[in-house]
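Let's take a walk through this fold, one piece at a time. Keep the 3D view open as you read.

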Amino acid sequence: MEPEIISRECIKPSSPTPLHLKTHKLSLLDQALYHAYVPMIFYYPFRQDNKNLPNLIASERLQLLKKSLSRTLSCFYPFAGKFRDNLSVDCDDDGIYFVQARVKSSLDEFLDKPDLRSIYKFIPVDSTESSGSISGLHVGKIQVTIFACGGFVICACVSHLFGDGKTLSSFMKTWAATACGSINDTEGVFANTDASVLFPQSNEIPENLSPVGMNAPFVKSDGFVTQRFVFDAKAIAKLKAKASRYSFVQNPTRVEVVSAIFSKSFKSGNPQKPVLLITHAVNLRTKSKPPMSEYSMGNILWTADTSCTNDEELGALVWQLREATMKYDGDFVNSLQGEKGFLNFCEVLKDKGEACSSASERITFSSWCNFGLYDIDFGWGKPIWMSNVGIYGQVPKLSNTIVLMDTRFRDGIEAWVYMVEEDMKILEFDEELLAFAKLNPSPLE
């Protein structure tokens, strides 16, 4: 499977961005992140009675995607901008980078046995774009790959310096709704940029508290591999039952038990590393009082940390994770706002820095579960699969990372694991983990 690039262009917003919105300032929370394109990849099969017209129908759908994307950018105008520097985006309506590609094989052929190393070919990102200056780089990128059967793969990317997974999922939902005609330009701007006002940026963050400084103890420059572990509904039920045996745990969630089983397996396979730091992203939109809009753009998240020093029971790890995330409530969100926000921001970063310095290894989790990604329908049906991707074209210095996503029927979890090869082997051969998870099964099953 080798996609052929047909065209590269920039899709501009259907209406110009007002003068007072031409510069988008990043928030204080954005400054805790770094530039790397966050990709979401959606797979749409061709399901039509007339199999003789896939090229014509694919062409019509492509034009619909472009037209609705242009209208969506009028609501999400920073997606059509470029970075001026690490603190701001020029929203001059240059347009979002858009690539059209085609593949001579069928989509079902790819999905029957997905090659995880080939998925990066659906991504419109060059590996050199994650190093050096970000000035002039696009905030957002899109690639639409059309298969010979008429199936589509749509990959949308946003720089993590600008926004998180929730930012990108809200953009995709609006784009799909616009394509279906359920949203029109007259309904106003849906994207909310209040984060840059609520959490005012600062250029005085100490170097040791910057993303580079905080990640330094866990940097792994190469040797990463990608694996996909899938937990179905039955496996999730068994994990929940196992975790519930621990007296403190009530009603464990899918995300909690899957995060715990990975942490347990990773720690038991690394006895020479006495302290494992478990880091989990927390969406602050729902924690805020009152809750922030789903359409609030930016990195409105924080990471909860807990340490694992022994071969903990599954339930004990679930409790530790829950206790760590419960700290980030409405009071915490309020403490980062306004004039005193910067001082409080630095204090919590110092605490995080101490946790990092005392750990021998770290594993980072991010959950995209319950984002409604399998409901994103552009008018020809919901995706048959939704995937993440390996670190090709991403920041070259990362720690071990696991992204959790819904399965198609929302009752299981797909875990996309990025680790150095020696650590990945620990998970791939861990009998306890493999009693619950399948390694890279076909999404068509």
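**A lysine, two sheets, two cores and a helix**

Start at K141, which sits in strand β7 (residues 140-147); helices (H or I, at least four residues) and strands (E, at least two) are DSSP runs, numbered from the N terminus. This is a predicted model, where local features need pLDDT of at least 70, side-chain atom pairs count only at pLDDT 80 or more, and totals for chains, interfaces and linings use all residues. Residues are numbered from 1 along each chain as its sequence is written, and side-chain values use heavy atoms, leaving out hydrogens and water.

K141 counts as buried because its relative accessibility is 4%, and buried means under 20% relative accessible area, with exposed over 50% and partly exposed in between (1.4 Å probe, protein chains only). The side chain of K141 reaches the backbone oxygen of P124 at 3.4 Å.

Now zoom out to the sheet around β7. Six strands make an open sheet in the order β1-β6-β7-β8-β3-β13, with mixed pairing; two strands pair if DSSP finds at least two bridges between them. Its edge strands, β1 (4-11) and β13 (385-387), each pair on one side only. From one strand to the next, the twist averages 15°. Within the sheet, β3 (residues 37-44) and β8 (residues 152-159) run antiparallel and are joined by eight bridges, and M40 stands opposite A156 in β8.

There's another open sheet, with three strands in the order β2-β5-β4 and antiparallel pairing. Its edges are β2 (23-25) and β4 (82-85), each pairing on one side only. Strands β4 and β5 (residues 88-90) are joined by three bridges, and F83 stands opposite V89 in β5.

What about the nonpolar packing? The largest nonpolar core (buried Ala, Val, Leu, Ile, Met, Phe, Trp, Tyr and Cys residues joined through side-chain atoms within 4.5 Å) has 74 residues, and Y43, F79, I119, F171, M172 and F378 touch the most other members. Beyond its neighbours within four places in sequence, F378 is in contact (heavy atoms within 4.5 Å) with residues including Y44, I154, M172 and W175. A second, separate core has 35 residues, among them F231, C369, I413 and L433.

Finish at helix α8 (residues 314-326), whose 13 residues reach 19 Å from first C-alpha to last, close to the 18 Å expected at 1.5 Å a residue; that expected span is 1.5 Å times one less than the number of residues. Its buried residues include L314, L317, L321 and R322. Among the elements covering the buried residues of α8 are α6 (233-243), α7 (254-268), β10 (276-283) and β11 (301-308).

Note on methods. A polar contact is a pair of N or O atoms within 3.5 Å; within protein, one must be able to donate a hydrogen and the other to accept it, and residues adjacent in sequence count only if both atoms are side-chain atoms. Axes are lines fitted to C-alpha atoms, for helices over the stretch in contact, and angles run from 0 to 180 degrees between N-to-C directions.
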